[in-house]
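Hi,

Here is the structure I promised to pass on to you. Have a look at it first, and my notes follow just below.

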Amino acid sequence: MLIAFALIIASGSLFYTSYLVKNIARSERTRAQVWALSMKQIITSDDNDFLPYVFAVRDSSTVPAIVTDEKGDFITSKGLDSTKTFIKIPGAQPNDKNAKHYDLGYFQSELKYMASEHEPIKILLPKSLQSNDSYWLIYYKDSPLLQKLKIFPYVQLTVIALFLIVAYTAFNSSRTSEQNQVWVGLAKETAHQLGTPISSLMAWVELIKDKFHAEKDPLMAEMENDIRRLEIIADRFSKIGSKPKLEEHSVYDVIRDFVDYFSVRVSHNISFEITGNPNLHAGLNVPLFDWVLENLLKNAVNAIEGKGKIKVEINANKTKKGQILIDVSDTGKGIPRSKFDTVFQPGYTTRKRGWGLGLSLTRRIIKNYHDGLIFVRDSEIGKGTTFRIVLKNSQNDKKTAA
């Protein structure tokens with residue numbers, strides 16, 4: 001409705017301005033004709049008492065004009081730029097009245113423009129004045145006022161459009177900021193609420209271990225791992241909205257630790273493999289980076305139907321120094337090439353119960369918090385997908401600084 005209303009206003013403004021321009025244009029042609037008639041009257045009249053009125057009518061016209069004979073030779077002009085109508089004669093004295101002459105180039109360009117803008121007005125000369133010429137031609141162009149009026153609606157609409165764009169951007173930014181504040185508050189409150197049951201679970205685990213002498217029971221160890229995982233998740237939510245602190249870590253070790261935790265919690269039909277250089281270091285916020293790995297590995301597990309393999313490769317970029325490349329590949333159903341960018345948009349999901357926020361959040365964590373890149377490197381329907389993460393090599397930064 002707002003767009004329709006804006007279009008109605010714009011159309012009305014253009015229509016009314018066009019109406020004014022046409023009327024003023026007709027009025028100016030009438031003025032040009034009056035000026036032409038006054039010129040003819042000055043030439044033919046013998047009534048000296050009447051001539052002052054004719055001169056007054058001629059000089060009152062504001063329409064720029066040029067008079068030529070039927071051959072196109074210049075006779076006189078009015079309303080042109082006085083700074084361009086004359087040019088100085090080289091070598092002439094400053095006080096010499098004849099030190100200037102008409103700039104024919106300027107008149108010819110003005111004459112060409114006037115001829116393209118309006119049809120000239122023809123003045124038939126009386127037989128007593130006809131020598132080589134039987135008529136004069138009066139060329140004219142729109143007055144400065146009419147020229148400004150022609151472009152005024154476009155300037156007006158441009159200003160209105162810029163104002164609307166700025167206003168909409170400011171409003172949208174304010175609304176987005178308000179929504180972000182709500183989500184940040186909700187995330188921090190969730191982290192706070194998780195703190196109590198996590199503390200209780202930790203206490204219950206210690207009681208069970210003490211009561212049943214189960215300190216070395218592998219099941220209790222896995223329960224403790226899950227509790228620590230809940231602590232990490234609560235920590236993630238508490239950090240939403242704030243700039244996370246990055247610390248130097250071995251990329252290989254961080255990925256291996258998470259894959260070891262994650263692999264025992266999925267189907268045994270899916271195998272995991274980690275390869276690459278274990279000596280590459282990057283600035284990481286481990287809880288957030290684990291979140292990235294979790295989203296990528298969960299998507300890979302969901303893409304694999306039956307048996308499959310997930311492989312993580314960590315290598316230095318050979319073509320561009322200072323970069324670490326992390327490729328997460330699966331043998332799942334693949335992604336169409338047309339969806340390579342779409343998968344990172346909020347709300348996009350192929351699962352019935354999915355929210356479509358995992359990969360969007362993943363890109364945000366990598367790009368905004370780790371100053372890196374993430375994209376679909378390659379995918380083939382029925383064969384699998386490879387996601388690539390690009391991070392800065394912190395060791396390379398140290399060498400550069402040294």
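Let me start with one residue: Thr 386 is buried, because its relative accessible area of 10% falls under the 20% cut-off. Please keep in mind that this is a predicted model. Thr 386 sits in strand β13, which covers residues 384-392. Beyond its neighbours within four places in sequence, Thr 386 has contacts with Asp 327, Val 328 and Ser 329, and also with Phe 375, Val 376, Arg 377 and Asp 378.

Now for the chain as a whole. The protein chain has 10 helices and 13 strands, and 33% of its 402 residues are buried. Among contacts with a separation of 6 or more, 66% link residues that are 24 or more positions apart. The exposed area comes to about 25,900 Å², with 57% of it from carbon and sulfur atoms.

On the inside, the largest nonpolar core holds 43 residues, and the members touching the most others are Ile 255, Phe 289, Ile 314 and Ile 326. Helix α8 (residues 286-303) gives this core its largest share, 9 residues. Another core, of 9 residues, lies apart from it and includes Ala 32, Val 63, Ala 65 and Trp 136. As for Ile 314, its contacts outside the four places either side in sequence include Val 251, Tyr 252, Ile 255, Leu 280 and Ile 326.

On the outside, Ile 151, Val 155 and Val 159 make a nonpolar surface patch of about 270 Å². Val 159 belongs to helix α5, residues 144-211. In soluble globular proteins, nonpolar side chains tend to be buried together.

Best wishes

Conventions: Residues are numbered from 1 along each chain as its sequence is written. This is a predicted model: local features need pLDDT of at least 70, side-chain atom pairs count only at pLDDT 80 or more; totals for chains, interfaces and linings use all residues. Side-chain values use heavy atoms; hydrogens and water are left out. Helices (H or I, at least four residues) and strands (E, at least two) are DSSP runs, numbered from the N terminus. Buried means under 20% relative accessible area, exposed over 50%, partly exposed in between (1.4 Å probe, protein chains only). Contact means heavy atoms within 4.5 Å. Patches are made of residues with over 30% relative accessible area and no salt bridge: like charges are joined within 9 Å, nonpolar side chains (Val, Leu, Ile, Met, Phe, Trp, Tyr) within 5 Å. Accessible areas come from the Shrake-Rupley method with a 1.4 Å probe; for residues, only the protein chains shown count as cover. A salt bridge is a side-chain nitrogen of Lys or Arg within 4 Å of a carboxyl oxygen of Asp or Glu. A nonpolar core is a set of buried Ala, Val, Leu, Ile, Met, Phe, Trp, Tyr and Cys residues joined through side-chain atoms within 4.5 Å.
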